[in-house]
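User: Hi! I'd like to go through this model with you, one question at a time. Could you walk me through your reasoning as we go?

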Amino acid sequence: MPELPEVETLVQELRPHLAGRRIEQVTLHWPGSVATPSPRAFLRRMRGRTIQESRRRGKFLWFVLDEGAWLVHLKMTGRLFLLPAPEPDPHARADFVLDDGRILRFHDLRKFGRLYWVADPEEIFQNLGPEPLDPQFRPRDLAQQLAGRRGRLKALLLDQSIIAGIGNIYADEALWRARLHPMRSAASLTEGEIQRLWKGIRDALLAGLRHHGTTIQWYRRPEGGSGEHQRYLRVYGRAGRPCFRCGTPIARQVLQGRSAYFCPSCQR
């Protein structure tokens, strides 16, 4: 599933193409992609709207409209492509025709992604945790988010109500950078370890952003190209290969149905 760096890359690369553009027509190839309101109401609300600004909140793309907000959650296989003209696509779920003739296409092989029109985005965002790259988010804020929680670190980092935007890849990368075991209890962290975790989260996400996201399978940039960060991953997907720090083979363990990759020597 695209995480903060992938979604932020999409927002940044789409922003100059969408600012001030009017949505002339919307075609829903699969109405089930619309989460709210009804598909018919979504079409009515979206037609004729002008895109004023492109933002991100957690894993949501957030397009500020001249009336309301359009949100996109890509889930596992969703993509947004900017096309110069219509072209056949069996997995196209929605097409948004812009006033310059280009098409912003929502493509989704597995049909898990969702589209929203809301009057106030806080209707959707109200349960999301803080943004980890916000300059106002400091180690003390991370400590506050983890206070009183006895869950395992990997699971807590994936909880969007605690921190927004982190998923499987960057949780493993952050924990490796912080030298913390994914099964470690949050309640056992010292002040120094929380500082390391805060830095590990930021460093992992910023590295992903520098390389335009990680393409393992589905994620693509708006023009169709891949991200590059998969070439720079420190631990994710590297089971059996030597740790970049100490040379110990990277281990893989299943936690709540997801793989966790870590160094059994560096991350105790």
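User: Is R179 buried, partly exposed or exposed?

Analyst: Happy to help; keep in mind that this is a predicted model. R179 sits in the loop between α6 and α7, and its phi is positive, about 60°, although it is not a glycine. Buried would need a relative accessible area under 20% and exposed one over 50%. R179 has 41%, so it counts as partly exposed.

User: Where does K111 lie, the other residue I'd like to check?

Analyst: K111 is not a glycine either, yet it has a positive phi of about 65°. Its relative accessible area is 30%, so K111 is partly exposed. As for its place, K111 is in the loop between β8 (103-108) and β9 (114-118).

User: Which two residues does a cis peptide bond join?

Analyst: A good place to look is the loop between β2 (34-36) and α2 (39-46), where P37 is found. The omega of the bond is about -5°. The residues joined by this cis peptide bond are T36 and P37.

User: Is I169 buried or exposed, and which residues beyond its sequence neighbours is it in contact with?

Analyst: I169 belongs to helix α6. Its relative accessibility is 10%, and the cut-off for buried is under 20%, so I169 counts as buried. Leaving aside neighbours within four places in sequence, its contacts are E3, T214, I216, L233 and Y236.

User: Which helices each supply at least two residues of the largest nonpolar core?

Analyst: That core has 36 residues, and L142, L157, I163, I166, L197 and I201 touch the most other members. L142, for one, is in contact with F137, I163, I194, L197, W198 and I201, not counting neighbours within four places in sequence. The helices that each supply at least two core residues are α4 (139-146), α5 (153-158), α6 (168-178) and α7 (191-210).

User: How many residues are in the second, separate core?

Analyst: In soluble globular proteins, nonpolar side chains tend to be buried together. Here, 53% of the 268 residues count as buried. The second core includes V11, L18, V72 and W117, and its size is 29 residues.

User: What is the radius of gyration of the chain, and how does it relate to the globule rule?

Analyst: The chain has 7 helices and 11 strands. For 268 residues the globule rule gives 18 Å, and the chain's value is close to that, so it is as compact as a globular protein of that length. Its C-alpha atoms fill a box of roughly 55 × 35 × 30 Å along the principal axes. The radius of gyration is 20 Å.

Terms used. Residues numbered from 1 in each chain as written. Predicted model: local features only at pLDDT ≥ 70, side-chain atom pairs only at ≥ 80, totals over all residues. Heavy atoms only, no water. Helix = DSSP H or I, 4+ residues; strand = E, 2+ residues; numbered from the N terminus. Rg over C-alpha atoms; globule rule 2.2 N^0.38 Å. Buried < 20%, exposed > 50% of the residue type's maximum accessible area, 1.4 Å probe, protein only. Core = buried A, V, L, I, M, F, W, Y, C linked by side-chain atoms within 4.5 Å. Contact = heavy atoms within 4.5 Å.
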